[in-house]
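Me: Hi! I'm new to this one, so could you walk me through it? Let's have it on screen before I start asking things.
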Amino acid sequence: MKSKRFLCLAAASLLILSACSGPANTGTTAGGTTTAPAQTTAAPETDAPGTEAPSTAPAETPGNVVVDMPVASRANGVITAEEWAEMFPEIYASYMANLDNSETIDHVEEYPAIAVLYEGMAFNKYYNSARGHLYTLDDVGATGRPHPLSNCLTCKTPDYTALVNSTGVEVYKMEFDEVMSQIEEPVSCYSCHANEAGTGKLVVTHQYLANAVGSDISEIDPVILSCAQCHNEYYFDPETKATTLPYSGIEAMHPDAILAYYNDMGFSDYTNPRTGTQMIKVQHPEFETFMGEGSALRDLGENCADCHMGVTVSEEGKVYTSHEWISPLKNEELIANTCAKCHDGEQLKEIHEFVADIQEEAESRTIAIADQLVELTEKLATAVSSGDYTEDELNAIRSLNRDAQFYWDFVFVENSEGAHNSKLTKYCLDKAEALCAEAMKLFK
């Protein structure tokens, strides 16, 4: 099993068979009890949402202890997780538990094929696994990949989000070091709630997501939207350098439509120096995969929190939503409190095996197709240097190479290894394999 993503790759998949079909939790009160669906609002990029000082009227914590609403102490107006800690001590403790997910793995060593497939960009040399959300700033600062502009901070910190919302899209063009010096907090409460964590409201603080889903925003569970702000496929606009999603509306989120979007605009993330192929580097399309055609989880009405943020009970008997983001297959409490209500031990064992089978098949095929793409890349590089092909002949192979690698990458970098949507995963791998085979037939 691929170590690359195992701590979180199976996460949403556990409920493919085991989900209770009750309504998804989309919001919690201060006491952690389920309320009506949480409101989701989109923050305009010209106004910082919720950065004004909130009311200091006393509020009740989950333990019925009266405390004052926190007031942001920093100039950017963002209320930090630590400032929310007195009101929500259990939630804060679970959030801090993400520090336990500290392991990082060198993907280039783990998957030698990407040294060839990502040639032309720094991912082919510096590509480490993601770890706990509290390490986002540490990791972006330590990566060997160059980052001259600040736009790579988009999903690393609420401080950057607040800066974009208060200043405008010109922030994306600012130098990385200049902005990084103003940044203090990794992914935190503001990222999903703005400054409204005390009410449980979920806020789309990243305007590019609201732009991309448009009027379909009302059709998407607010909890899914919260995670979708960062767990998505995106690119940096060539002119504004702004973080942008390559679609408009739910129907256009399919990988076919995303590839057509990129091809129509002639976009590429990098060019392979030996083949001349202009490549797309897919990011982490969990949102697009989860919402895609064939998603059993979506069709069951599940959301990200159902699997990644289980409701739990403290030693004092307080009920709250855990903010430690882990795989449900690693969360025995979630299994015992949620899945076991409807499924006995043997059924739960079968679910583990079912998910493992999905992931093992996806992993095996992903590695095999990567090897095919490496072979294609090497043959194309040889063809380019041989002088035996016309530019039109080379471009025909390049086009197939680009598209095949896009479909492969859509699976390779999606953090569920097939479990979020096994049908779409199979579709993408089938497309990648077929396009690769078609390209190989064009060599003399």
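Me: Which residues does Phe287 touch, leaving out those up to four places away in sequence?
Reply: Happy to help! This is a predicted model. In it, Phe287 touches Leu209, Val213, Ile220, Ile224, Ala228, His231, Asn232, Tyr247 and Met253.

Me: And which residues have the most contacts inside the largest nonpolar core?
Reply: They are Tyr118, Leu209, Phe287, Phe406 and Trp408, in a core of 77 residues. Helix H19, residues 391-412, gives the most to this core, with 10 residues.

Me: What does the second, separate core include?
Reply: That one has 10 residues, among them Ile79, Ala81, Tyr95 and Ala197.

Me: Switching to rings: how many aromatic pairs are there?
Reply: The structure holds 19. One of them joins Tyr92 and Tyr95, tilted, at 6.3 Å centre to centre with 35 degrees between the planes. Both residues lie in helix H4, three residues apart, about one turn of the helix.

Me: Is Tyr95 buried or exposed?
Reply: Tyr95 is buried, at 7% relative accessible area, while Tyr92 is partly exposed at 23%.

Me: What about Tyr118 and Trp408, how do their rings sit?
Reply: They form a tilted pair, 6.4 Å centre to centre and 50 degrees between the planes. Tyr118 is in the loop between helices H6 and H7 and Trp408 is in helix H19, so the pair ties together parts 290 residues apart in sequence.

Me: Last one: which residues make the nonpolar surface patch of about 200 Å²?
Reply: Val311, Val313 and Val319 make that patch. Val311 lies in strand E9 and is partly exposed, with a relative accessible area of 35%.

Terms used:
Residues are numbered from 1 along each chain as its sequence is written. This is a predicted model: local features need pLDDT of at least 70, side-chain atom pairs count only at pLDDT 80 or more; totals for chains, interfaces and linings use all residues. Side-chain values use heavy atoms; hydrogens and water are left out. A nonpolar core is a set of buried Ala, Val, Leu, Ile, Met, Phe, Trp, Tyr and Cys residues joined through side-chain atoms within 4.5 Å. Buried means under 20% relative accessible area, exposed over 50%, partly exposed in between (1.4 Å probe, protein chains only). Helices (H or I, at least four residues) and strands (E, at least two) are DSSP runs, numbered from the N terminus. Contact means heavy atoms within 4.5 Å. Patches are made of residues with over 30% relative accessible area and no salt bridge: like charges are joined within 9 Å, nonpolar side chains (Val, Leu, Ile, Met, Phe, Trp, Tyr) within 5 Å. Accessible areas come from the Shrake-Rupley method with a 1.4 Å probe; for residues, only the protein chains shown count as cover. A salt bridge is a side-chain nitrogen of Lys or Arg within 4 Å of a carboxyl oxygen of Asp or Glu. Rings of Phe, Tyr and Trp (its six-membered ring) pair if their centres lie within 6.5 Å; planes under 30 degrees apart count as stacked, over 60 as edge-to-face and the rest as tilted.
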